[in-house]
Amino acid sequence: MELAALSPEPEELPARPERRGLFSRLTAGGASAQAAESNLPEVDYGTVLPYGVIARNCAAKRQPLGRKVDAARSSGYALYDSQPNAAGMRTFYITGFDDGCPRQITAAHVLLGEPSFYEQLHYGPAGQHLAFGATDKAYEKVKGRVCGVRKGKPCGSKMKKLERETLFVNAYERLNDNTRWSEQLIHGGEVVASEIKSNG
């Protein structure tokens with residue numbers, strides 16, 4: 001499904017000098033990582049984002065977000081699907097941020113993943129074959145500060161504390177294709193890293 005089909009007249013994203021080029025870097029295939037919270041664009045309700053981009057949408061606070069389809073019990077974040085019966089790309093909203101503003105992404109399928117599940121995958125036998133990038137590096141730093149453990153080691157006894165403030169968001173372009181995805185790491189009420197990853 002074409003992105004343009006998601007909205008009759010997608011609104012253009014506001015031009016801000018300090019953020020110019022953010023979307024083009026992500027969609028042109030040149031760079032895989034998006035800057036974190038301090039550089040997130042602010043968009044209006046109804047804006048359709050390119051795949052791989054996450055944005056802040058304070059205008060959506062009192063607007064319909066769609067159906068709640070997932071939630072991270074430990075951290076309080078929730079995922080809303082704007083068109084839950086659709087199979088193609090559409091807007092998803094993530095709520096639970098300290099500023100009360102939803103973050104939005106475009107995808108066909110989105111999963112919320114807590115650190116304990118991430119560690120099962122990445123620190124297990126199959127971990128050496130998984131893609132490693134900006135979100136993984138950011139997680140190692142966050143985990144080191146909260147859990148007091150070295151890189152590549154599980155959080156251990158402080159996992160509950162880590163999961164109260166940390167979450168992964170994985171967004172896929174197609175329902176039945178998990179070889180390429182967009183991944184965001186949220187910690188302490190902010191997006192700390194975002195990138196497009198591939199196992200293909």
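**A tour from helix α3 to the largest pocket**

At 10% relative accessibility, E140 counts as buried. Select this residue first; the model on screen is a predicted one. Now add K143, whose side chain meets that of E140 in a salt bridge of 2.7 Å, N to O. Both residues belong to helix α3, 3 residues apart, about one turn of the helix. K143 is buried too, with a relative accessible area of 0%.

Next, select α2 (115–122). Its buried residues are P115, Y118, E119 and H122. Around the axis they cover an arc of only 95 degrees, so they sit on the same side of α2. Show β7 (109–113) and β8 (166–174) as well: the buried residues of α2 pack against these two strands and against α3 (134–147) and α4 (159–163).

Keep α2, β7 and β8 on display and add β9 (177–187); each of the four supplies at least two residues to the lining of the largest pocket. This pocket has a volume of about 370 Å³. Of its 19 lining residues, L121, N170, Y172, W181 and E183 lie nearest the centre. The lining divides into 10 nonpolar, 6 polar and 3 charged residues.

For the last stop, select E42, R56, D99 and R103, which are linked in a network of salt bridges. R56 and E42 meet at 3.8 Å, N to O. This pair links distant parts of the chain, with R56 in strand β2 and E42 in the loop between β1 and β2, 14 residues apart. D99 and R103 meet at 3.1 Å, N to O. D99 is partly exposed at 33% relative accessibility, whereas R103 is buried at 1%.

Technical notes
Residues numbered from 1 in each chain as written. Predicted model: local features only at pLDDT ≥ 70, side-chain atom pairs only at ≥ 80, totals over all residues. Heavy atoms only, no water. 1 Å grid on protein atoms, 1.4 Å probe; cavity = no way out; pocket = protein on both sides within 12 Å on 5 of 7 lines; lining within 4 Å. Points joined across faces, edges and corners; volume = space filled by probe spheres on them. Nonpolar A, V, L, I, M, F, W, Y, C, P; charged D, E, K, R; others polar. Buried < 20%, exposed > 50% of the residue type's maximum accessible area, 1.4 Å probe, protein only. Arc of directions from axis to C-beta. Contact = heavy atoms within 4.5 Å. Salt bridge = Lys/Arg side-chain N within 4 Å of Asp/Glu carboxyl O.
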